[in-house]
Amino acid sequence: MRLYNPRRLRTALATLSAAAFGALLLTPSVSAQEPPTREPFQALDIFEIEWALNPQISPDGEQVVYRRMGFDIMADRRRGNLWLVDVASQSQHKLSSFEGNESSAVWAPEGDRIAYVRSAGDGEGSEIYVHWRGGGQSARVTRLPATPKDIRWSPDGQQLAFVMDVKAEAPTLASRPEKPEGAEWSSKPRLTDRMYHERDGSGYLEAAFSHVFVVPAEGGTARQVTQGNSHHRQPSWNADGKSLLVSGNRSDDWQYDYRNSEIYRVALGDGDTTAVTSADGPDHHPMVSPDGRHLAWLGYVDKKEAFQVTRLRVANLDGGDMRELLGDLDRSVKAITWSADSNGLYFQYDDKGRTKVAYVSLKGSMKTLADNLGGTSIGRPYAGGSFSVSDNGIIAYTHTRPEHPADIAIHQRNKTQLITGLNKDLLSMRKLGETREIWWKSSFDERDIQGWMVLPPDFDPGKKYPLLVENHGGPILNYGERFSPEMQLMAAAGYVVFFPNARGSTSYGEEFANLLYHNYPGQDYDDTMSGVDAMIAQGFIDPEQLYVTGGSAGGIMTAWIIGKTDRFRAAAAIKPVMNWYSKTLNADNWYNYYFTRIPGTPWTNPEDYLGFSPISLVGNVNTPTLVMVGLDDLRTPPSQAKQLYHALKYRKVPTLLVELPGASHFIARKPSQLIDKISHILAWFERYR
């Protein structure tokens, strides 16, 4: 029986500074013993992982407030609270004694207060709270009917702008007669006339539009400042505090013109709304410079392709004299923020599987400052993470390496330092698999392709190991040098885990990612199989022990691979798309694929939709295949997985259908189902090993 609470102990240890933590580890006990044996990463360790989200550094650069995330083993869910860490001493403490969910922290301009969102989960919904830095007290400042998002302080610190959904009128067609008193009838019919009416992970979306509101920072009545039947998001205050810049699409045909958005100026006095941009394509995330002279935003001219690089644009406040900064950077720009002197902007971008923070001056000079941003995707090693900058140029960001998920790092005076160690107590007791980078040439066109491998914890280069190929989702996303509990669990089971960034992956430029335009799946198959050959050439892979898996687009690639080769002893296709014809008429994002990913529509180009569907190859499959899907998956619905399972079952190919009750496309949302996913994949492979 354990006489202590391990989570409480971990929290206590994490409040120590890094120096104090090290001293504690170096202090011998009275009865010194050999240190315990370090064990490989284990399934239940998932529940002990913690990671940092949304670090916001104070204007003076002295403190960072961030969301400290973890898994609740009793409730089987993610939970996060706000913590404050002192930059100099690295000591930290919880922002408040509240034990519900806290998020979306943002500092007031003077650094004396923090606004954030709190949800008790008691049916009252989410509200905006303000925390006073000096007194340490928090107070509720809103009473809202829906969840607030995108909180922004006014320049004078007197108001808060935020975004909230406002219910819209749902369509009606017929009415019921009045039911007798006490009668129990079925629920009324649900009518929908919108293109986008459901979202994976949320289910059916009630008719509503996102609008911008303002509320006094000391509390009061929230006032809606945008109007109409269209969405308005991402508010940014003008320097004079009299207007807001927002992103939206106010076109009458906004449902069908869904790839387009503009920047609008909204006057707080009378609500007058003026378009600042007019280009065809997405214009979003407006950001007014502190001196009020310039407007920056992100966007591109839409060429209706599978992928385009997002550009950084700067103009006068009225949109005039617009120019693109970073025209030579063939990478998407994300998360812009102005420097305090208004002479340039900080931003993040992905490059060859790593996420970086950089600065660009208004004259166009760029300098990369920080590296290894990420570690917030607890599952597989996807890009993610965020950063913030103090008035004196100190950067706080989520830092990761394959050895740890997101901690808070500080970058100043050309040096980077971790100021948290959220998993030192756990991971110091675990022997993780080493992650190595590998490059190879594609057999199709000799392109350079990048990937990584995770080796078993007790790797011996003189031995032969089974190879497990893990294909990423998207497909227009990227894997990289980031912590992944899924990869570690697979490596701990004795596999060399190989995860490639085949063509179509981001962080290699627009042309590389857009190679899947009207060509998916395509030569990404050749890239992956060439990578398998490159792994075998390392000398420690058993070529007769090859296994393949992947989720979403990775599930598509898995199904495509086993339809084209019998080299793999077993496969696990996780939440795959098998039939583009039915996927693009049935998923929550059904209309996003027409013309861009696949030519035309299912009814104008049925041959293309079938030709790029893995179901067209299912008659070739001989590989024993596990098929897995969440029963609440709206992105790649269960009917897609069942098409693969039923076809293989009919053909007497060894197969097993694993359905996860209540799981959406994001299977790792619940930690127990993340464990279910990996344990079933490994058990299936062991059956054929």
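This report covers the nonpolar core, helix α4, the cavities and one β-hairpin of a predicted model.

**Core and helix α11**

The largest nonpolar core contains 88 residues. L467, V496 and F685 have the most contacts inside this core. Helix α11, which spans residues 671-687, supplies the largest share of the core, with 7 residues. In soluble globular proteins, nonpolar side chains tend to be buried together.

Which residues does F685 touch, leaving aside those up to four places away in sequence? They are L468, Y495, Y547, V548, T549, A570, A571 and A572.

**Helix α4**

Helix α4 runs over residues 485-492 and is mostly covered, with 7 of its 8 residues buried. The buried residues are P485, E486, M487, Q488, L489, M490 and A491. They pack against the strands β34, β35, β36 and β37, and also against helix α11. Helix α11 is also the element with the largest share of the nonpolar core. Just after α4, G494 takes a positive phi of about 105°.

The elements that the buried residues of α4 pack against include these strands.

| Strand | Residues |
|---|---|
| β34 | 448-454 |
| β35 | 465-471 |
| β36 | 496-501 |
| β37 | 541-551 |

**Cavities**

Rolling a probe the size of a water molecule over the atoms shows where empty space is left. The structure holds 3 cavities of 30 Å³ or more. The largest cavity encloses about 140 Å³ of space. It is lined by 15 residues, of which H472, P475, A502, D524 and M557 are the closest to its centre.

By type, the lining of the largest cavity is made up of 7 nonpolar, 6 polar and 2 charged residues. Which helix gives the most to this lining? Helix α7 does, with 3 residues. Both α6 (524-536) and α7 (553-564) supply at least two residues each. D524, one of the residues closest to the cavity centre, has the number at which α6 begins.

**Hairpin β24-β25**

Strand β24 covers residues 334-338 and strand β25 covers residues 344-351. How do the two strands pair, in the parallel or the antiparallel sense? The pairing is antiparallel and extends over 3 bridges. W338 stands opposite L345 in β25. In a regular strand the side chains alternate between the two faces of the sheet.

The two strands form a hairpin with 5 residues between them. In the turn of this hairpin, S342 has a positive phi of about 65°. A positive phi is also found at G494, just after α4.

Notes
Residues are numbered from 1 along each chain as its sequence is written. This is a predicted model: local features need pLDDT of at least 70, side-chain atom pairs count only at pLDDT 80 or more; totals for chains, interfaces and linings use all residues. Side-chain values use heavy atoms; hydrogens and water are left out. A nonpolar core is a set of buried Ala, Val, Leu, Ile, Met, Phe, Trp, Tyr and Cys residues joined through side-chain atoms within 4.5 Å. Buried means under 20% relative accessible area, exposed over 50%, partly exposed in between (1.4 Å probe, protein chains only). Helices (H or I, at least four residues) and strands (E, at least two) are DSSP runs, numbered from the N terminus. Contact means heavy atoms within 4.5 Å. On a 1 Å grid over the protein atoms alone, a cavity is a set of points where a 1.4 Å probe fits but cannot get out, and a pocket is an open set with protein on both sides within 12 Å along at least five of seven lines; lining residues have an atom within 4 Å of a point. Grid points are joined across faces, edges and corners, and a volume is the space filled by probe spheres set on the points. Ala, Val, Leu, Ile, Met, Phe, Trp, Tyr, Cys and Pro count as nonpolar, Asp, Glu, Lys and Arg as charged, and the others, Gly among them, as polar. Two strands pair if DSSP finds at least two bridges between them.
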